[in-house]
Amino acid sequence: MREPALIRMLPDGRRLHLHDGPIDLIIEANGSKQEVAIAYEAAAHRFATILDELCAELPLLRGSVQKNSAQPQGVTAHRMFAAVEPFSEHCFITPMAAVAGSVAEEILAAMTGAAALDRAYVNNGGDIALHLAASQHYAAGMVERPDRPSLFGSLKISTADPVRGIATSGWRGRSFSLGIADAVTVLADRASAADAAATVIANAVNLPNHPAVARVPARDISPDSDLLDLLVTREVGPLPLPDIKTALDAGVRVAETLRNRGLIHSAALCLQSHTRIVSPSSTPFFMEISQGSLLHA
Amino acid sequence: MTDIFPPDTIRCDACPVLCYIKRGHAGACDRYANIEGQLVRVDPHILLDRAKSQGTPLVPFLEREGDWDGKIMKGQETFVTAIGAGTTYPDYKPAPFIVSSEVEGVDMVTVVTEGIFSYCGVKLKIDTDRHLGPERNLVRAHGEPVGHVTTAEYGSQMLSLGGVHHLTGGTKSEGRVTCETLLDLCNGKEVELTIDEGASVRVAAGQPPVVNGQREERMRVGCGSATIGMFAKQWFGKVDDVVVVDDHITGVLSEHQAGKLLGVRETGIAIQGRRSTPGRYFQVAEPGTGWGGTNISDPLTILKPFKAKFAWPNLRLLMVSTTGEQYAYYELDEALRPVEKELPEALKESVARIRENCEPALASVIFMGGAGGSLRAGVTENPVKLTDSVKRRLTRVTCGGAPAYIWPGGGITFMVDVTRMPENAFGYVPTPALVAPIEFTLKKSDYALLGGHVDYVRPLADVLKEKERQRQLTSLPQNPWPLKPHVESSES
């Protein structure tokens, strides 16, 4: 039975929670009370049909994007397609690689289109679309392993930074990964681009045919997976240091390439407690590998 | 879709994605799963699931909208633990919470933090008579040194794991592996450890240890000599001599004081090793994982030949280990050579009795950490006053609601039994260091006196309103209620 979408304010009275099927959004807008109310109204209104729109084109969105692929119709689907298109020449990719970021971006666009906000974010399970008006900032913590939720770093994005999207991908996450990274967090100019790039970089952190890595065809787990029979990572045993370096090097090379192409701003790559950062040297370093604000004993 | 899916695949219709879900898997949302061919809504939160599977009663997590009505959990019956207080993703909120509640007419304050402990470790007690390795030798995980063998205690071997020197004083890899080992042990997971020149053990808090692939069942009832003393009467008349094989003190019935008192006839039995007093032998063999913590697999190897002067044909001999797990029964032939025979019914009971009196062997994990200045500063503006208040027992210290033993002397160095804490209470940071919950509970008036952050105190009802981030568990019955206003003694 179709479960109705959930649209509610969280008990803190500040944040909006939207949930439908696999989409789960936490939204916060800052600004005048009136503008925030208008923004939330717009988010809820836009949200009401977004899953149905995507599902109407699901077979197309699950298909590999190639040079002459047919373009989808829906606005959100189009964001997904545009986000993965730059990668289509170099690797297997489907628009689904950018679904979470694209949904976040679409809802944010509905909010900022309807109301004048100082700041807003739409967080879709860790893939985040941001809006920052003058002199605002957004702070986020980074988690390496969802099964051991500790912050491995923090980042702070200010209005002046060219970043409006944050996304994380890794084999421990909810979506399948072809790579072995615990987590790759990417900052890009928009959430859909960050989402697609995080997927691609996480796939690249890899050690093909390594005995410590267990992989199975995606369809063995999810019969309708867009990854078909590509081998997805299910378990990564402890790796010797040189192998960790090799895998991270491979990911860093791809991340550098994407950065040079202007597709991402920066990335943090995590594998078995080893972290590598790819970021522009010219701009201030705002991604910090630190301990958040836990109290040190 | 034209694909043919296996018959145990179901199609979920909870949303328009219409996932095909294989048996034992969940759909794209992680909320609906195929369990035994049925579409089932599953709660994504592991904590809750585990508690359910253990039969722990739970107060249901409320998804209802609107304000907390206060009827389900009365405020003073709820204790906010520090688990998750400092690490909420992605909506990060800094610790500490400082929560006030009224208990029996007294205003109490609980300061709830998650501390990062670089100075921390685990004291591991492994119930076994087997020799795990020489004292002071390194204990390794994944080949990295993570601790050392410390004292042998009665029926157990203690290992000391972690500590700042392994966490941050060695190579990066040593620190990382140490941190993971401590984290897994504290969260109740099984860990494999190897001891230099010693055994390999698999341990998990509250579970029987596995030594060199063999699960330990029982702790010994006493040393070999004590066992002779305890069971001499039951053996008298049913057997001519008994040797209780033990790495510490091997006992011999016919020579032992207990045997003498009963009038057991001399057999002239001669044992390898160093005789301590009559019927008590040290070092009958090398330490090992065989009989009674020795390296013996054939007990006859510790016997010298029987002499005609004392022994006689058909002499009945029982050899048994201190846990009764190993035993063998012999009768001497005409040439006074022991021949193994089936254990007579009359002796089976005494061997079973030894086994019965041996308690289940377990591995126990005690987390030990020190709350340093900056953590204490999160509680009060004047950290030393918190130490003082803890020492004077005005402030109760708990970890995830479990009582902590506070060491005498300076600082707040505490120990806590991880099995009394909720599951997965520990985290880590890549420093590397462990993140452990710690709560300080004291009277509100005392809190103000010690320079507490009174401006940040929030009423409990207020904290409970943020229920989307909370899981409520029933406290373990063996733990005293942390909010009892009259803090008298920290539980040991």
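Here are three short exercises on this predicted model, each with a worked solution.

Residues count from 1 along each chain as its sequence is written, and chains are lettered from A in the order in which they are written. Local features need pLDDT of at least 70, side-chain atom pairs count only at pLDDT 80 or more, and totals for chains, interfaces and linings use all residues.

**Exercise 1.** Work out whether A:R119 is buried, partly exposed or exposed.

*Solution.* Start with the cut-offs: with C-beta atoms placed from the backbone, 20 or more others within 10 Å make a residue buried, 12 or fewer make it exposed, and anything in between is partly exposed. A:R119 has 17 C-beta neighbours inside 10 Å, so it counts as partly exposed.

**Exercise 2.** Place A:R119 in its strand and find its contacts.

*Solution.* First, A:R119 belongs to strand β4 (residues 119-124) of chain A; strands are DSSP runs of E, at least two residues, numbered from the N terminus. Next, list its contacts (backbone-placed C-beta atoms within 7 Å). Leaving out residues up to four places away in sequence, A:R119 touches A:N30, A:H131, A:L132, A:A133, A:Q136 and A:Y138. Finally, take A:H131: 12 residues from A:R119 in sequence, its C-alpha is 5.3 Å from that of A:R119.

**Exercise 3.** Trace the open sheet of chain B and name its edge strands.

*Solution.* Read off the order of the 11 strands, β14-β13-β12-β11-β8-β9-β10-β7-β22-β26-β25, with antiparallel pairing (a pair needs at least two DSSP bridges). The edges are β14 (214-215) and β25 (405-406) of chain B, each pairing on one side only. Now zoom in: β11 (residues 191-195) and β12 (residues 200-203) of chain B share four bridges, and B:T194 stands opposite B:S200.

Key
Two residues are in contact if their C-beta atoms, placed from the backbone, lie within 7 Å.
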